[in-house]
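Okay, thanks for coming, everyone. I'd like to walk you through one fold today, so let's put it on the screen.

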Amino acid sequence: MKLPLQFRHNGRDVALFVDGGESLLVALREQIGDLTPKFGCGQGGCGACTVLIDGAAHLSCLTLAAAVEGRSVETLESLKDGPRLHPLQKAFMERFAAQCGYCTPGMLMAASALLRRNPKPSRAEVVEAISGNICRCTGYEAIIEAVLDAARAAA
Ligand code: FES
Ligand code: FES
């Protein structure tokens, strides 16, 4: 049975019908057409699908689409301001913190949630914030430094 669903997607109201068991990741990618949250494992183990729900980081593959009724969902698509990159995106670029880039949307959203609740995180807090996000390319050091750079730039 299809369920009606309304929520805010990157500041814009959207309305759609979803299956009861449909994940938010599938709804975002296949119904809304926002391909920035990535399908990695589909089981909560990689973080590639991380989005913000009411400002906090969540795994969209483990979140039922129906659970975001009336809530605000933000994806990587919302991070930059027109042509201006978000400080996190700029820092990732400058630090070469993305290689294949598959993990990058999830990393950026996890880091974005961290900087919103804690604008001056310690290195340990950055490590903790991205601990659910797997990167097979960078070795993490560049990512951690990029998040710290972005925090310093914002300050
Ligand atoms: S795709 Fe969601 S955690 Fe891997
Ligand atoms: S940049 Fe390739 S998985 Fe992270």
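I'll start with the sheet and then move to the helices that pack on it.

Quick housekeeping: this is a predicted model, where local features need pLDDT of at least 70, side-chain atom pairs count only at pLDDT 80 or more, and totals for chains, interfaces and linings use all residues. Residues are numbered from 1 along each chain as its sequence is written, chains are lettered from A and ligands numbered from 1 in the order written, and side-chain values use heavy atoms, leaving out hydrogens and water.

Helices (H or I, at least four residues) and strands (E, at least two) are DSSP runs, numbered from the N terminus. Two strands pair if DSSP finds at least two bridges between them.

So, what order do the strands take? It's an open, mixed sheet of 5 strands, running β2-β1-β5-β3-β4. β2 (12-19) and β4 (56-59) are the edge strands, each pairing on one side only. Look at β3 (residues 50-53) and β5 (residues 72-74): they run antiparallel, joined by 2 bridges. Leu-52 has Glu-74 in β5 as its bridge partner.

Now α3, residues 104-117: this helix packs on the sheet and touches β3, β4 and β5, with contact meaning heavy atoms within 4.5 Å. How many of its 14 residues are buried? It's 12, so mostly covered, where buried means under 20% relative accessible area, exposed over 50%, and partly exposed in between (1.4 Å probe, protein chains only). Among them are Met-107, Leu-108 and Leu-114. Besides the strands, the buried residues of α3 pack against α2 (87-94), α4 (123-129) and α5 (141-154).

Note on methods. Axes are lines fitted to C-alpha atoms, for helices over the stretch in contact, and angles run from 0 to 180 degrees between N-to-C directions.
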